[in-house]
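Below is a set of questions and answers on one protein structure. The sequence and the coordinates come first.

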Amino acid sequence: MVENDYFPPWFSVAPMMDWTDNHYRTLARLMSKHAWLYTEMLAAETIVYQKGNLDRFLAFSPDQHPIVLQIGGSNLENLAKATELADAYGYDEINLNCGCPSPKVAGRGCFGARLMLEPKFVAEAVSVIAANTNVPVSVKCRIGVDDHDSYNELCDFIYKVSSQSPARHFIIHSRKALLNGLSPAENRSIPPLKYEYFYGLLRDFPDLTFTINGGITGIDEINAALKTGAHGVMVGRAAYHNPWHLLGNVDSAIYGVPSIGLTRRQVIEKYQVYGDSVLLQYGLRPTVRDIVKPLLGFFHGEPGNGLWKRKADSAFHTCTTIKSFLEETLVAIPDSVLDSSFAKAPLGREDIFANIGSLMPPPYRTRDEDAV
């Protein structure tokens, strides 16, 4: 266990815009006690300018620990102010986004993945964040940006940031980002995965902690990455689209402790109580649709899932509470599904990293070493 009796982040759910909000994290915690949860990325400017409305963006229930706040930004003063404001909420870690390829972020916003081209600024940003909080500060990045995609350039970034700031934990999305010509969705699938870069970092920076991200979707693959040396594994969309089979197995299969042991029906009953307690909490939001959204993958692959979603589409227009929504729609799901507890996760690719040692790039040499 680490400080506050949390296990290390052997498994974490990636920060995803419009997805890993308070509602999703509440649902996720009903299925896994030990997974590390990340917020959506919050721009530092949003936190600073919403100073009088911070609960809407930063508040979370104590049950959500361990939880990491991801911040994005390119203004040191705003990063400092945002961290100071957020620190009062008690997050377990703060993560600086250096990996988002969205044009709104990397283009007009001039942060996200574009920051990988400015390691000196990233080191300054991490230092500023760390100066305004007592919790660790980590960095999430890609393996490269546009044509700056060699292994040595990635190592230069890690070396400069880690040697000039307190950053000791890097979450590596094992694809490069293409800032021009690809959408964020295409940037998650078109650039090829290069896991050999990640495992090269483990070899060349033994004093740092690295979490692997990108293309890993199942429990077997997570365990394979950990057995091959990864300090942690971060999963994104698979944890959102199929939460029951993934999150429901994390505690037992990754952390080696008993699972929470609830049935689907019990999880939904608890989530319904939460949902109705926060419905329209901030005037017109959150709506029934906002709160139900994380449930849309809850019956992935199960009998009745298609009918349930069709009923949900209709119920969004008529139901005014989460309770009435569930009463109207859950008739589509058989009792055998609702009353089932966590089953063993489907088999995945256990050999995904089997030959990684033969693919790794040559060891990194700093520019200082090359000069000598």
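Q: With which residue does Glu302 form a salt bridge?

A: In this predicted model, the closest N and O atoms of the pair are 3.2 Å apart. Glu302 lies in the loop between helix H13 (288-292) and helix H14 (305-315), and its partner lies in helix H12 (residues 264-278), so the pair ties together parts that are 38 residues apart in sequence. The partner of Glu302 is Arg264.

Q: Is Arg264 buried or exposed?

A: The cut-off for buried is under 20% relative accessible area. Glu302, at 21% relative accessibility, counts as partly exposed. Arg264 has 1% relative accessibility, so Arg264 counts as buried.

Q: Over the face of which residue does Arg264 lie?

A: Besides its salt bridge with Glu302, Arg264 is placed at 5.9 Å from a ring centre. The residue that carries this ring is Phe298.

Q: Which residue forms an edge-to-face aromatic pair with Phe298?

A: The count of aromatic pairs comes to 22. In the pair that includes Phe298, the rings are 5.3 Å apart centre to centre, with 75 degrees between the planes. Planes over 60 degrees apart count as edge-to-face. Both members of the pair are buried, and the partner of Phe298 is Phe299.

Q: Which residues are linked with Arg265 in a network of salt bridges?

A: Arg265 forms a salt bridge with Asp335, with 3.2 Å between the closest N and O atoms. Arg265 lies in helix H12 and Asp335 in helix H16 (residues 335-338), so this pair ties together parts that are 70 residues apart in sequence. Arg265 is partly exposed, with a relative accessible area of 28%. The residues linked with Arg265 in the network are Asp335 and Asp339.

Q: How many salt bridges does the count come to?

A: Side chains of opposite charge can pair when their charged atoms come close. One such pair is Arg203 with Asp204, at 2.9 Å from N to O. Arg203 counts as partly exposed at 31% relative accessibility, whereas Asp204 counts as buried at 19%. The count of salt bridges comes to nine.

Q: Why is helix H8 (residues 195-204) largely enclosed by the rest of the structure?

A: The buried residues of H8 include Tyr195, Phe198, Leu201 and Asp204. They pack against helix H7 (151-164), strand E6 (169-173), strand E7 (209-213), helix H9 (219-227) and helix H17 (356-359). H8 is largely enclosed because the number of its ten residues that are buried is nine.

Q: Which residues do ring pairs link into a cluster with Tyr195, Phe198 and Tyr199?

A: Tyr195, Phe198 and Tyr199 are among the buried residues of H8. Ring pairs link them into a cluster with Tyr159, Phe170, Phe205, Phe210, Phe353 and Tyr364.

Q: How many of the eleven residues of helix H11 (residues 243-253) are buried?

A: The buried residues of H11 include Trp244, His245, Asn249 and Asp251. What covers them includes strand E1 (11-13), helix H1 (22-29), helix H10 (237-241) and H12. H11 is mostly covered, and its buried residues number nine.

Q: With the side chains of which residues does the side chain of Asn95 make polar contacts?

A: Asn95 lies in strand E4 (residues 93-98) and is buried, with a relative accessible area of 0%. Leaving aside neighbours within four places in sequence, the residues in contact with Asn95 include Tyr38, Val68, Lys140 and Ile171. One polar contact of 2.9 Å joins the side chain of Asn95 to that of Gln70, and another, also given as 2.9 Å, is made with the side chain of Ser138.

Q: How many disulfides does a search of the whole structure find?

A: The cut-off for a disulfide is a pair of cysteine sulfur atoms within 2.5 Å. The sulfur of Cys98 is 6.8 Å from the closest cysteine sulfur, in Cys141, which is too far for a bond. Cys98 is buried at 0% relative accessibility, and Cys319 is buried at 10%. The number of disulfides found is zero.

Q: Over the ring of which residue does the charged end of Arg237 sit?

A: The charged end of Arg237 is 4.8 Å from the centre of the ring. The ring belongs to Trp19.

Conventions. Residues are numbered from 1 along each chain as its sequence is written. This is a predicted model: local features need pLDDT of at least 70, side-chain atom pairs count only at pLDDT 80 or more; totals for chains, interfaces and linings use all residues. Side-chain values use heavy atoms; hydrogens and water are left out. Buried means under 20% relative accessible area, exposed over 50%, partly exposed in between (1.4 Å probe, protein chains only). Helices (H or I, at least four residues) and strands (E, at least two) are DSSP runs, numbered from the N terminus. Contact means heavy atoms within 4.5 Å. A salt bridge is a side-chain nitrogen of Lys or Arg within 4 Å of a carboxyl oxygen of Asp or Glu. A polar contact is a pair of N or O atoms within 3.5 Å; within protein, one must be able to donate a hydrogen and the other to accept it, and residues adjacent in sequence count only if both atoms are side-chain atoms. Rings of Phe, Tyr and Trp (its six-membered ring) pair if their centres lie within 6.5 Å; planes under 30 degrees apart count as stacked, over 60 as edge-to-face and the rest as tilted. A charge sits over a ring if NZ of Lys or CZ of Arg is within 6 Å of the ring centre and within 35 degrees of the ring normal.
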